[in-house]
Amino acid sequence: MSGDAILTLANVESAYGPVKAIRGVSLSVPAGSIVTVLGANGAGKSTILRTISGIIDPQKGFISFEGQPIQGLDPGQIVRRGISHVPEGREVFPLLSVHDNLMMGAYTRSDRDAVAADLETVYGYFPILRERARQEAGQLSGGQQQMLAISRALMSRPKLMLLDEPSLGLSPRLTQEIFAIVTRINRERGTTMLLVEQNAALALEVAHYGYVLEVGRIVMEDTCERLREKEDIQEFYLGMKDAGVRGERRWKKKKTWR
């Protein structure tokens with residue numbers, strides 16, 4: 001994907017010990033956009049995000065953010081550059097209060113007045129967090145913990161958010177609520193987002209551009225509107241097993257994308 005990319009990966013390879021997880025991955029994320037990465041479990045989607053955020057050092061390739069190389073930097077340095085990571089499984093600090101979890105998201109900042117303003121902003125997105133501000137994060141429901149994880153990431157004032165499976169373990173209603181806020185953050189704050197999501201239909205609905213990952217390699221990329229029309233995507237990711245000629249009429253009847 002071309003354009004004013006805020007993030008670029010070029011031929012990136014990462015591994016867990018002897019096991020190579022991503023192979024020659026190249027992608028770009030334009031500023032202000034939502035880009036999604038689709039793929040089966042174990043395809044390497046989360047590894048891409050962990051490599052960008054510095055949790056894993058790439059073995060090969062180049063990663064640039066705002067035109068500057070960031071591969072090899074530690075996670076704290078990458079947060080200071082303007083990238084925040086909402087990990088799979090949320091990973092809140094369970095024994096800390098909701099408020100203290102949010103403050104942990106702002107640990108790189110010294111602008112106290114602006115931090116206080118951002119705290120009010122995230123409480124505006126997720127009012128339940130204000131109600132539970134003094135409660136231990138481990139006592140929150142799964143959906144509330146996901147709200148907290150997203151809010152904690154916002155407290156660093158990121159230019160780019162990495163979202164890893166934000167709907168994992170959530171009900172359809174909560175999933176819709178979370179994604180409504182994600183799109184609102186993108187629209188209102190201009191925050192760029194790279195999204196890994198198991199709910200392919202929803203990811204393709206909210207994102208602008210998508211990549212498909214298979215066994216650690218990018219095998220397809222296009223606008224999300226065009227990806228939704230591809231038979232392979234319909235069959236393997238949208239649950240339409242008769243996506244060929246025989247199933248074409250059924251797809252046209254079911255198609256409700258904007």
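Visitor: Leaving out residues up to four places away in sequence, which residues does I150 touch?
Guide: This is a predicted model, and what follows is computed from its atoms. I150 is one of the buried residues of helix α6. Not counting residues up to four places away in sequence, the residues that I150 touches are V86, F126, M161, L163, I178, V182 and I185.

Visitor: How many residues make up the largest nonpolar core, the one in which I150 is among the members that touch the most others?
Guide: Along with I150, the members with the most contacts to other members are L102, F126, L129, L148, M161 and L163. In general terms, nonpolar side chains in soluble globular proteins tend to be buried together. For this core, the number of residues is 48.

Visitor: And how many residues belong to the other core that lies apart from it?
Guide: This other core lies apart from the largest one, and its members include L9, I78, I83 and L160. Its number of residues is 27.

Visitor: Returning to α6, how many of its 13 residues are buried?
Guide: The helix reaches 19 Å from its first C-alpha to its last, close to the 18 Å expected at 1.5 Å a residue. The buried residues run through G143, Q144, Q145, Q146, M147, L148, A149, I150, S151, R152, A153 and L154, so that α6 is largely enclosed by the rest of the structure. The number of buried residues among the 13 of α6 is 12.

Visitor: Which elements do the buried residues of α6 pack against?
Guide: The partners comprise both strands and helices, each named here with its residue range where one is given. The strands are β6 and β7 (160-164), and the helices are α3, α4 (112-125), α5 (127-131) and α7 (172-189).

Visitor: At roughly what angle do the axes of α3 and α6 cross?
Guide: Helix α3 covers residues 98-105 and helix α6 covers residues 142-154, and their axes come within 7 Å. The crossing in which α3 passes α6 is right-handed. The angle between the two axes is roughly 35°.

Visitor: Which residues of α6 are met by V98, N101, L102 and G105 of α3?
Guide: By class, the contact of α3 with α6 has 3 nonpolar, 3 polar and 1 charged residues. On the side of α6, the residues that V98, N101, L102 and G105 meet are L148, S151 and R152.

Visitor: Is N101 buried or exposed?
Guide: N101 is found in helix α3. Leaving aside residues up to four places away in sequence, N101 touches V92, F93, L96, A137, L148 and R152. Because its relative accessibility is 0%, and the limit for burial is under 20%, N101 counts as buried.

Visitor: In the loop between β6 and α3, what is the approximate phi of R90, a residue that is not a glycine?
Guide: R90 is found in the loop between β6 (83-86) and α3, and at 14% relative accessibility R90 counts as buried. The phi of R90 is positive although the residue is not a glycine, with a value of about 75°.

Visitor: Does E91 count as buried or exposed?
Guide: E91 lies in the loop between β6 and α3, and its phi is near 55°, a positive value in a residue other than glycine. Because the relative accessibility of E91 is 53%, and exposure begins over 50%, E91 counts as exposed.

Visitor: How far apart in space are the C-alpha atoms of T36 and C224?
Guide: T36 has its place in strand β3, where it counts as buried at 0% relative accessibility. Setting aside neighbours within four places in sequence, T36 is in contact with L195, A203, L204, A207, Y209, G210, Y211 and C224. Although T36 and C224 are 188 residues apart along the chain, the separation of their C-alpha atoms is 8.6 Å.

Visitor: What is the C-alpha to C-alpha distance between V37 and Q198?
Guide: V37 is found in strand β3 (residues 34-38) and counts as buried at 1% relative accessibility. Beyond its neighbours within four places in sequence, V37 is in contact with L27, K45, I48, L194, L195, V196, E197, Y211 and L213. V37 and Q198 are 161 residues apart in sequence, while from C-alpha to C-alpha the distance is 9.5 Å.

Terms used:
Residues numbered from 1 in each chain as written. Predicted model: local features only at pLDDT ≥ 70, side-chain atom pairs only at ≥ 80, totals over all residues. Heavy atoms only, no water. Axes fitted to C-alpha atoms, helices over the stretch in contact; angles between N-to-C directions. Helix = DSSP H or I, 4+ residues; strand = E, 2+ residues; numbered from the N terminus. Left-handed = near helix turned anticlockwise from the far one by under 90°. Contact = heavy atoms within 4.5 Å. Nonpolar A, V, L, I, M, F, W, Y, C, P; charged D, E, K, R; others polar. Core = buried A, V, L, I, M, F, W, Y, C linked by side-chain atoms within 4.5 Å. Buried < 20%, exposed > 50% of the residue type's maximum accessible area, 1.4 Å probe, protein only. Expected span 1.5 Å × (residues − 1).
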